[in-house]
Amino acid sequence: MKTDYDVIVMGAGSAGLTAAVGASKIGKSVLLIEREHMGGECTNSGCIPSKALLHHAKAYYTAKKIAGENGKSETYRKEAFSYVRSIVESIVEEEQPENFEKLGIDVVMGEATFNAKCSLTVNGKSYTYKNAIIATGSSPRMLKVQGLDQADILTNQNIFALDDVPKRTLIIGSGPIGMEMGQAFSMLGSEVTMATIDAELGRLEDPAIRPKVQAIFADLSVRTFTRAHLTHVEDKVAVFEIKNEAGDVVGEERVAYDKILIAIGRVPNIPEGLEKAGIKADERCVMVDSQHRTSNKYVYAIGDVAQRLKFTHTADDVARQVVTKIASRGWLRITKKKAVPKVTYVSPEIAQVGISWEEAKQKYDEREIMRIEVPYSLNDRAKTDSTTDGLLVVVARRVNGAVLGANLIGPAAGEILSIFTIAIDKKISMWGLRSIIYAYPTYSLVIKKAGDQFFAQQIADIKKDVGNIFKKHAPKVFALFFWGILIYAFQDYRISNDLSYQDVLFQLLDFFTSTVYGPLIYMVLYALRPLIFFPATLLTALSGALFGFWWGVIYTIIGENASANFAYWIGRFFGKGLKLEDSIIGNWVEALRKRPFESVLFMRLFYVPFDLTNYGSGILKIKWSSYFIATLIGIMPGLTTFVALGSAIDLESFKMDGLSFNAFDPKFLALSVGIFVASLALSRVLKKWQADA
């Protein structure tokens, strides 16, 4: 086996396998390293076994409800974990090293350790790479509790090795793992208790859905304790302090158990030797930028080890993006912000995508958004299946119907959610969703019901909505109208008098030189310049011609800063209410807001059009203090460039002969060119510094 590769992938879970296969398909030489088992957590101890156990448990529970307990049902119940292992084995069989070697991917089993910027070691052998991808996944977060015997602890890594469900199971945590295993174990006959530090089960779900989540476990006689903090264990009895909203202890609960499942989150599997490769990490993750690149530009980190949202589908998606970036040699940037669906596979399923109603109210004026609730009791398929307890909640913008979020509980919730995920990502409105033909009778018809409800409410409220839009935007419309009149008046004066911008410039020259208040009038006119879009470059050069280089610089610093900040606040005024972070330039907007000083300074030094930077910074709501300081510093090279250019002009020659070489003083012309070149060089240095930071 060779030792030099285009791409080395660490970890053969969802992210790692997708990255390795993708890189191989684009012609890269690939080494895949796995320390424990092919397929990672998802295949061996996560998504696949948990869903298999849920399927078996639901089948047993449903059959028992219909036909009662008998010898066959008991045999079936006891086969739960052997069934799970058979499903895992059938999938793992497809993910064996030889299958990937057929695709041209070399596979090594062992622990990888970085030993240099572009090198790592496995089983004592060194391998080098052009790019590496860390996809080492995560492990269960553990609790250290006095009296807790390690032999009694279950996690997702050992729970599926059981032969039968424990008689009494205590579950710590009420996330997806806790809820899914709580339901499965209860359906299979275990006496289940769930304890969580949260105020209620399903705290991240819509308020209308939370009671239905709680009812799932109440119907199974699962005991639940909220705001419960495990203090210690005495002879297989867990002792909890129950706290109130203020954090004060208000009671104690004691729970006897045979096994205790700890499901309180995940911690990343951080590889060894990161410091030798120049890769930054902490206890939460390997740190990456918006391109999923680590502090070592040759190494990426994807999946649970680096991402906040630890889902198989997000790991797979990011892996595909990174492969695309590697294929393009870094030219293609990862820019699109995607909606991430989340599903908890209890029965009935709980699904969510986008933002909640509470989040929407924080982000938008409540008059601009609509909440739509569709109970499954309105769905004919739910009636035929006697599953009418479900609920769909949709959050949408009024008027345009843009989908902001969706929450569901009910049969096929995870499948229905895909439609709303597409709607958010592809900008399909409630108007569009309503117009689609859905097969009858299917659960997906709840989407059409939501569209009908949106349509009816929107038509009923149309006058009110139009009035709200007018009230909100009336000041902007008036300001825009006034601004338009000013621009029109200026241009009409110039055109009707058959004047060019140069002629207007000559008139300004005469005006400034005819009064002792010339410098003051110049600075005031410069400050008000954004109202008529008079070219800033002409006014800047004019100061050098009128007042000389040094006084021209001083007067222009005052006038140009006033002008820039005036334009900035005009942009803030007209950009009020715009949610550009939700648009196609959302990632760029967020990056700009994250580093406003450096971004504005770069635009100034790189001679990005003056007013584009001013208005754009305001519209994008760049932090004003950062904008102000960056502008104060950043305009100096451009300002001195054009003041020097103006100082080089002989006004009399300019009036007589126009812009000719004879009208320029070579010394000031050279100074102007020198400052211009230096400014561009500085912008390049700043851009490189930003990229490396």
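## Two cis peptide bonds

Pro 348 sits in the loop that links β18 (342-344) to β19 (350-354). The bond joining Ser 347 to this proline is a cis peptide bond, with omega at about 0°. Please keep in mind, as you look around, that this is a predicted model.

A second cis bond can be found further along the chain, running from Tyr 440 to Pro 441, with omega near -5°. Pro 441 also belongs to a loop, here the one between α14 (430-435) and α15 (445-460).

## The chain as a whole

Let us step back for a moment. The protein chain has 26 helices and 22 strands. Its C-alpha trace spans about 110 × 70 × 55 Å along the principal axes.

Of the 693 residues in the chain, 47% are buried. Take the contacts between residues at least 6 apart in sequence: 67% of them join residues at least 24 apart.

## A parallel sheet with a helix across it

Strands of a sheet pair through backbone hydrogen bonds, and they can do so in a parallel or an antiparallel way. One open sheet here has five strands in the order β8-β15-β9-β10-β11, with parallel pairing. At its edges stand β8 (153-154) and β11 (223-225); each has a single partner strand, so one side of each has no neighbour in the sheet.

To see one pairing in detail, follow β9 (residues 168-172) and β15 (residues 259-262), which run parallel and share four bridges. Within this pair, Thr 169 is placed opposite Lys 259 of β15. Helix α7 (residues 176-187) lies across β8, β9, β10 and β15, and its direction makes an angle of about 165° with β10.

## An antiparallel sheet

Another open sheet is built from three strands in the order β12-β13-β14, and its pairing is antiparallel. The edge positions belong to β12 (228-233) and β14 (249-256), which each have a single partner strand, so one side of each is left without a neighbour in the sheet. From one strand to the next, the twist averages 30°.

Strand β13 (residues 237-243) is joined to β12 by five bridges, and these two strands run antiparallel. Here you can find Leu 230 standing opposite Phe 240 in β13.

## Glu 205 and its surroundings

Now turn to Glu 205, in the loop between β10 (191-195) and α8 (210-219). Is Glu 205 buried or exposed? Its relative accessible area is 14%, and because the cut-off for buried is under 20%, Glu 205 counts as buried.

Leaving aside residues up to four places away in sequence, Glu 205 touches Arg 210, Val 213, Ile 350, Gln 352 and Asn 407. With Asn 407 there is also a polar contact between the side chains, at 2.9 Å. Ile 409 is 204 residues away from Glu 205 along the chain, yet their C-alpha atoms are separated by 9.6 Å.

## Two helices that pack together

Helix α20 packs against helix α24 (residues 624-647) at an angle of about 140°, and their axes are 8 Å apart. The two helices are therefore oblique to each other. The crossing of α20 and α24 is right-handed. Many residues take part in this meeting, including Phe 549, Tyr 568 and Trp 569 in α20 and Trp 624, Phe 628 and Met 636 in α24.

Asn 561 is a good place to look more closely, as a residue of α20 (residues 549-575). How accessible is Asn 561? Asn 561 counts as buried, at 7% relative accessibility. Its side chain reaches the backbone oxygen of Ile 557 at 2.8 Å. Beyond residues up to four places away in sequence, Asn 561 touches Thr 556, Thr 631, Leu 632 and Ile 635.

## Two residues with positive phi

Val 399 is not a glycine, yet its phi is positive, near 70°. This valine is in the loop between β21 (391-397) and β22 (403-409). With a relative accessible area of 37%, Val 399 is partly exposed.

Ala 412 likewise has a positive phi, about 65°, without being a glycine. Its place is the loop between β22 and α13 (413-425). Ala 412 counts as partly exposed, at 26% relative accessibility.

Technical notes:
Residues are numbered from 1 along each chain as its sequence is written. This is a predicted model: local features need pLDDT of at least 70, side-chain atom pairs count only at pLDDT 80 or more; totals for chains, interfaces and linings use all residues. Side-chain values use heavy atoms; hydrogens and water are left out. Buried means under 20% relative accessible area, exposed over 50%, partly exposed in between (1.4 Å probe, protein chains only). Contact means heavy atoms within 4.5 Å. A polar contact is a pair of N or O atoms within 3.5 Å; within protein, one must be able to donate a hydrogen and the other to accept it, and residues adjacent in sequence count only if both atoms are side-chain atoms. Two strands pair if DSSP finds at least two bridges between them. Axes are lines fitted to C-alpha atoms, for helices over the stretch in contact, and angles run from 0 to 180 degrees between N-to-C directions. Angles under 35 degrees count as roughly parallel, over 145 as roughly antiparallel, 65 to 115 as roughly perpendicular and the rest as oblique. A crossing is left-handed if the near helix is turned anticlockwise from the far one by less than a right angle, and right-handed if clockwise.
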